[in-house]
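Notebook open, model loaded. I want to look up some aromatic rings first, then a glutamine.

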Amino acid sequence: MDFSFKQFSLNHSYSALKIGTDAVLLGAWTEISLQAKNILDIGCGCGIIAMMLAQKSDCQVFGIDIHQPSIAEAKENAQQSKFVNRLHFQHISIQDFATTTTEKFDLIVSNPPFFDKALRSPVVNRNLSKHTQTLSFEELVHAVCQLLAKNGRFSLILPFSEANSFEQMCVQKGLFCQKCCIVYPKPNKNPTRAMLLFSFENKEKHIENLTIRDVSNAYMLAYKNLTKDFYLNF
């Protein structure tokens with residue numbers, strides 16, 4: 001099952017989480033500083049966000065995931081891309097990775113599992129990708145604090161309902177939200193997602209809004225502009 005973008009294509013047949021709007025939003029929205037040399041994608045799946053960030057930069061991009069078929073698929077996708085020499089994928093948990101590497105990363109991104117008390121799916125792969133039994137928010141923040149370079153940034157996407165509590169958890173660990181994008185599916189709907197950008201620097205937070213579709217279900221211009229370097233139709 002191939003999913004084609006303007007500069008690369010991916011197979012996501014065996015990955016725990018299929019390519020969706022969350023991953024594309026995060027990959028398109030995340031800023032990469034000119035000084036950045038390396039990037040870590042936690043829970044990389046088939047490699048979609050890692051490849052988007054490789055397209056946007058000259059960085060070495062590392063992806064890790066606990067789901068072996070996802071990593072195998074990410075490696076195959078990387079081999080078919082022009083970014084192959086800058087993409088590195090490893091089958092390992094973030095908990096183990098954080099305790100075995102001495103490398104610090106200029107940018108860390110994650111589209112993490114975020115359902116905690118929600119009813120679990122009978123599909124094991126979906127539980128791995130969406131439920132926090134394998135990676136709690138506390139474990140994620142702890143690992144990021146270990147792995148993030150002094151001037152690095154941490155970017156992730158969460159359900160809007162989880163964003164405030166996650167931000168407070170980060171503050172307690174010395175990570176501060178620099179930027180927040182609140183995502184609305186339509187103008188007349190409540191927000192469903194929040195994208196957050198953190199660093200160790202404590203400064204005023206910039207808040208912005210993004211609406212994906214208008215009331216007639218057509219894509220909004222702001223969403224098109226954000227994702228136009230990737231989607232074939234924009």
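Started with the aromatics: in this predicted model, I find one aromatic cluster made of Phe 3, Phe 5, Phe 8, Phe 83, Tyr 219, Tyr 223, Tyr 231 and Phe 234. I also checked Tyr 219 for a charge and got one: the charged end of Arg 213 sits over the ring, 4.1 Å from its centre.

Next, the count of aromatic pairs, which comes to 15. I picked out Phe 154 and Phe 166, whose ring centres are 6.4 Å apart with the planes at 50°, so I log the pair as tilted. Phe 154 sits in strand β7 (residues 148–159) and Phe 166 in helix α7 (residues 160–172), so this pair ties together parts 12 residues apart in sequence. Buried or exposed, I wondered about Phe 154? Buried, at 0% relative accessible area; Phe 166 is buried as well, also at 0%.

Back to the cluster for Tyr 231 and Phe 234, an edge-to-face pair with 5.4 Å centre to centre and 80° between the planes. Tyr 231 comes out buried at 16% relative accessible area, while Phe 234 is partly exposed at 23%.

Last entry, Gln 55. I find this residue in helix α2 (residues 48–56), and at 17% relative accessible area Gln 55 is buried, because the cut-off is under 20%. Which residues does Gln 55 contact, leaving aside neighbours within four places in sequence? I get Gln 7, Phe 8, Phe 83, Asp 229 and Phe 230. The Gln 55 side chain reaches the backbone oxygen of Asp 229 at 3.0 Å. I also noted Lys 82, 27 residues from Gln 55 in sequence and 9.1 Å away in space, C-alpha to C-alpha.

Key
Residues numbered from 1 in each chain as written. Predicted model: local features only at pLDDT ≥ 70, side-chain atom pairs only at ≥ 80, totals over all residues. Heavy atoms only, no water. Helix = DSSP H or I, 4+ residues; strand = E, 2+ residues; numbered from the N terminus. Buried < 20%, exposed > 50% of the residue type's maximum accessible area, 1.4 Å probe, protein only. Contact = heavy atoms within 4.5 Å. Polar contact = N/O pair within 3.5 Å; in protein donor to acceptor, adjacent residues only side chain to side chain. Phe/Tyr/Trp six-rings, centres within 6.5 Å; stacked < 30°, edge-to-face > 60°. Lys NZ or Arg CZ within 6 Å of the ring centre and 35° of its normal.
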